[in-house]
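I wanted a short record of what I looked up in this structure. The entries follow the order in which I opened each region.

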Amino acid sequence: MYQAPRGTQDVLPEDEKYWRYVEATATRQAELFGYAQIRIPTFEHTPLFVRGVGDTTDIVGKEMYTFDDKGGESLTLRPEATASIMRAYLEHGLASSPQPVKVYFLGSMFRYDRPQAGRYREFHQFDCEVIGDGSPTVDAEVILLAWRFFETLGLRNLTVHLNSIGDRNCRPGYLSILTEHFSLHRDRLCPDCRRRLETNPLRLLDCKNEQCQFAIATAPAGIEHLCEECARHFTALREMLDALDIPVELSPRLVRGLDYYTRTVFEIFPATVGAQSALGGGGRYDGLMEQLGGKPTPGIGFAMGIERVILNIREQGIPVPGIRRAVVYVAHQGDQARVMAMRLADEIRRAGIQCVVGLGARSLKSQLKQANNLGARFAFILGEQEVAEETVTVRNLAESQQWQESRQAAIERLLSTER
Ligand code: HAM
């Protein structure tokens with residue numbers, strides 16, 4: 001028996017309603033805020049992610065699905081969307097269109113992670129990016145969009161964790177203070193953190209190992225070492241969030257797993273906080289465009305993990321609209337009626353109404369049972385008598401009423417009520 005590869009999942013028809021609900025809400029909210037949809041390739045040239053995401057990150061170091069194609073070119077399945085969207089912005093000269101460029105993306109991502117609840121190797125993100133405007137108002141609006149997305153879904157008790165990690169002016173100073181601090185505790189740090197101390201000291205703040213927690217808890221906070229401009233940006237953002245009534249929690253230890261961030265970073269957590277439970281996160285990446293060879297261009301965005309959002313919707317018992325499979329079910333009895341039923345069903349669909357016809361050699365009773373299971377509103381029944389009289393028996397399944405009329409009249413009645 002074949003099985004889906006570890007860390008991948010099938011979404012069976014019974015679960016499709018959750019995906020529809022989340023994707024439709026994401027699309028609706030992004031479009032309410034004026035974002036346009038962008039679609040990007042599933043794979044890119046490997047150096048895009050190495051440069052964009054950063055070669056000292058876990059994503060690039062451990063988690064990328066990288067392969068040589070038959071032409072010998074190194075390609076990588078996208079582990080995230082931001083670098084690709086920036087590449088698209090550069091490649092298509094979007095800098096010459098009105099700024100900022102606001103785009104959203106829905107699609108799968110690939111990371112060779114250790115699978116567990118809420119953590120997969122193929123997962124899906126709702127990603128939003130605003131490119132070309134560096135003002136704190138944009139940061140506030142991006143966080144507002146994230147907040148409204150969750151609120152509209154009906155999720156409750158979420159917390160937005162917020163931090164500023166400075167920019168190229170103040171970060172180097174903070175990094176040396178941080179390195180100095182962690183060096184004092186070097187012997188007690190986990191092997192990963194000892195390595196990070198050399199390559200990426202900021203990431204130490206994100207270590208979940210018990211042995212590193214003391215050094216992390218006593219580490220100097222980044223927001224106390226911001227330069228004047230970063231501090232002003234952060235204050236303006238917090239004032240704006242306050243005015244918008246978005247509750248945020250300052251998290252001086254919040255750093256993100258990707259290297260491109262500057263200034264604002266944020267993550268959104270559900271009520272039950274676990275190590276891997278962030279529903280989404282994002283931040284500003286004002287240096288990324290230059291990193292990828294473009295002109296200095298500010299940007300900010302976020303990505304939500306759709307699987308994690310769905311897990312929380314289920315956990316919180318949020319009612320999700322079902323997906324109707326049929327408005328009309330055409331049931332039939334007899335050979336002539338079967339042909340008639342296929343034709344009638346075809347006519348109903350061509351009139352734009354969802355219609356399922358009984359297939360196989362089922363009894364009328366079992367066809368009507370199926371009609372109920374599919375949530376059909378009407379059963380159109382064709383038997384010998386209906387065929388002879390060129391009529392149809394219409395049964396309103398919800399109200400248990402039944403009448404007979406010409407097929408044309410039945411379709412017209414449907415059109416007047418179902419459109
Ligand atoms: P990220 O924090 O790496 O950010 O991923 C965003 C979200 O994707 C996470 O909060 C989580 O919900 C989900 N996620 C990540 N890895 C997995 C996994 N293995 N299984 C299931 N869900 C996962 C980014 O990807 C940035 N590109 C976000 C961004 C956009 N920053 C600026 N613009």
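These notes go from the domains to the ligand, then to the sheet, a second group of strands and a few backbone oddities.

**Entry 1: model and domains**

I note at the start that this is a predicted model. I looked up the domain assignment of the chain, which gives domain 1 as 13-170 + 226-315 and domain 2 as 328-418. I then took the C-alpha centres of domain 1 and domain 2, and they lie 49 Å apart.

**Entry 2: the ligand**

I asked how many residues surround the ligand. The number is 27, and the closest are E80, Y120, E129, R256 and Y261. I sorted the shell around the ligand by residue type and got ten nonpolar, nine polar and eight charged.

Next I went through polar contacts of the ligand. A nitrogen atom of the ligand sits 3.0 Å from an N or O atom in the side chain of T82. I also found a ligand nitrogen atom 3.0 Å from an N or O atom in the side chain of Y260. On the backbone side, a polar atom of A278 is 3.0 Å from an oxygen atom of the ligand. I looked up the area as well: the ligand taken alone exposes 660 Å², and the protein buries 96% of that. I then asked which elements give two or more residues to the shell. They are β6 (122-131), β10 (280-284) and β11 (299-305).

**Entry 3: the open sheet**

I followed the strands across the sheet. Eight strands form an open sheet with mixed pairing, and the order is β1-β5-β6-β11-β10-β9-β7-β8. Why do β1 (36-37) and β8 (248-250) each have one side without a neighbour in the sheet? Each stands at an edge and has a single partner strand, so one side is left open.

I stayed with β10, since this strand also gives residues to the ligand shell. I checked its cover and found that five of its five residues are buried. On one pairing, β10 and β11 run antiparallel and are joined by five bridges. Within that pairing I noted R284 opposite I300 in β11, and G282 opposite F302 in β11. On the other pairing, strand β9 (residues 262-269) runs antiparallel to β10, again over five bridges. There I noted F266 opposite G282 in β10. G282 therefore appears in my notes twice, facing F302 in β11 and facing F266 in β9.**Entry 4: R263 in β9**

While in strand β9 I looked up R263, which has its place there. Phi of R263 is near 55°, a positive value in a residue other than glycine. Is R263 buried or exposed? Its relative accessible area is 12%, so R263 counts as buried. For background, most residues other than glycine have a negative phi, and most peptide bonds are trans.

**Entry 5: a cis peptide bond**

I looked up the bond between Q99 and P100, and it is a cis peptide bond with omega about -5°. P100 lies in the loop between α4 (82-91) and β5 (101-110).

**Entry 6: H332 and M342**

I moved on to strand β12 (residues 328-332), where H332 lies. H332 has a relative accessible area of 5% and is buried. I checked its side chain for a polar partner, and a polar atom there lies 2.8 Å from the backbone oxygen of G358.

I then compared H332 with M342. The two are ten residues apart in sequence, and their C-alpha atoms are 9.5 Å apart in space. M342 is found in helix α12 (residues 335-350). Its relative accessibility is 46%, so M342 counts as partly exposed.

**Entry 7: the β15 and β16 hairpin**

My last stop was strand β15 (residues 391-396) and strand β16 (residues 401-406), which run antiparallel and are joined by six bridges. In this pairing V392 stands opposite E405 in β16. The hairpin has four residues between the strands. S400 has its place in the loop between β15 and β16. I looked up its phi, which is positive at about 50° although S400 is not a glycine. What is the relative accessibility of S400? The value is 65%, so S400 counts as exposed.

Definitions and conventions:
Residues numbered from 1 in each chain as written. Predicted model: local features only at pLDDT ≥ 70, side-chain atom pairs only at ≥ 80, totals over all residues. Heavy atoms only, no water. Near = heavy atom within 4 Å. Polar contact = N/O pair within 3.5 Å; in protein donor to acceptor, adjacent residues only side chain to side chain. Areas by Shrake-Rupley, 256 points an atom, 1.4 Å probe, with all protein chains shown as cover. Nonpolar A, V, L, I, M, F, W, Y, C, P; charged D, E, K, R; others polar. Domains from an automatic or database assignment. Pairing = 2+ DSSP bridges. Buried < 20%, exposed > 50% of the residue type's maximum accessible area, 1.4 Å probe, protein only.
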